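Take a look at the structure below. We will walk through it step by step, starting with a question.

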Amino acid sequence: MKEIIEDLWSDYIIEKCAVITTDKERELTKKAAELHKKVNELLNKAQLDAVQEYVDTLYDINALLAKKAFCKGCEFAISFFLEAGNYKK
């Protein structure tokens, strides 16, 4: 079942979550681009490399935690529905 949930995660994140659709998402994307440009102007190559490695690591951590939360949520929902189906008053 874990493989099915991971496949669902991959399809879901690509088709639904990776698309910028709201004003807030566009605003944050624009702000990130502006800050990236500013950082590139302020830092030297070694500093830029260190900051990029740091940011990449934060992205990796965030992606892992988001996937974990999604998978745990799916597992909970499945367990809940199975248990609710067996509930008798």
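Is Cys-74 buried or exposed? Its relative accessibility is 16%, so Cys-74 counts as buried. The cut-off for buried is under 20% relative accessible area. Keep in mind that this is a predicted model.

Cys-74 has a cysteine partner to compare. Cys-71 is buried too, with a relative accessible area of 13%. Do the sulfurs bond or stay apart, and what is the distance from Cys-71 to the nearest cysteine sulfur? The nearest one belongs to Cys-74 and is 6.4 Å away, and Cys-71 is in no disulfide. A disulfide needs the two sulfur atoms within 2.5 Å. Cys-74 is likewise in no disulfide. Across the whole structure, the search finds zero disulfides.

Now step back to the whole chain. The secondary structure comes to three helices and zero strands. Along the sequence, the pattern reads α-α-α. The radius of gyration is 19 Å, well over the 12 Å that the globule rule gives for 89 residues, so the chain is more spread out than a compact globule. Its C-alpha atoms fill a box of roughly 65 × 30 × 20 Å along the principal axes. Buried residues make up 6% of the 89 residues. The accessible surface comes to about 8100 Å². Of that surface, 61% belongs to carbon and sulfur atoms.

Part of the surface is a nonpolar patch. Tyr-54, Leu-58, Ile-61 and Leu-65 form it, with about 410 Å² of accessible area together. Look at Leu-58, which lies in helix α3. Its relative accessible area is 40%, so Leu-58 is partly exposed.

Next come the aromatic rings. A pair of aromatic rings is described by the distance of the centres and the angle of the planes. How many aromatic pairs are there? The count comes to three. One of them joins Phe-76 and Phe-80, which are stacked at 6.0 Å centre to centre with 25° between the planes. Both residues lie in helix α3 (residues 45-85), four residues apart, about one turn of the helix. Phe-80 also pairs with Phe-81, this time edge-to-face. Here the centres are 5.8 Å apart and the planes are at 70°. Ring pairs thus link Phe-76, Phe-80 and Phe-81 into a cluster. How open are these rings? Phe-76 has 57% relative accessibility and counts as exposed. Phe-81, at 61%, is also exposed. Phe-80, at 47%, counts as partly exposed.Charged side chains complete the tour. Side chains of opposite charge can pair when their charged atoms come close. A search of the whole structure finds four salt bridges. In one of them, Lys-67 pairs with Glu-6, the closest N and O atoms being 3.4 Å apart. This pair links distant parts of the chain: Lys-67 is in helix α3, Glu-6 is in helix α1 (residues 2-17), and 61 residues separate them. Lys-67 is partly exposed, with a relative accessible area of 26%. Glu-6 is partly exposed at 38% relative accessibility.

Another salt bridge joins Asp-49 and Lys-45, with the closest N and O atoms 3.1 Å apart. Both lie in helix α3, four residues apart, about one turn of the helix. Asp-49 is partly exposed at 40%, and Lys-45 is exposed at 60%. Glu-27 forms a salt bridge with Lys-24, the closest N and O atoms being 4.0 Å apart. Those two are three residues apart in helix α2 (residues 23-42), so about one helical turn separates them.

Key:
Residues numbered from 1 in each chain as written. Predicted model: local features only at pLDDT ≥ 70, side-chain atom pairs only at ≥ 80, totals over all residues. Heavy atoms only, no water. Phe/Tyr/Trp six-rings, centres within 6.5 Å; stacked < 30°, edge-to-face > 60°. Buried < 20%, exposed > 50% of the residue type's maximum accessible area, 1.4 Å probe, protein only. Patch = residues over 30% accessible without salt bridge, like charges linked within 9 Å, V, L, I, M, F, W, Y side chains within 5 Å. Areas by Shrake-Rupley, 256 points an atom, 1.4 Å probe, with all protein chains shown as cover. Salt bridge = Lys/Arg side-chain N within 4 Å of Asp/Glu carboxyl O. Rg over C-alpha atoms; globule rule 2.2 N^0.38 Å.
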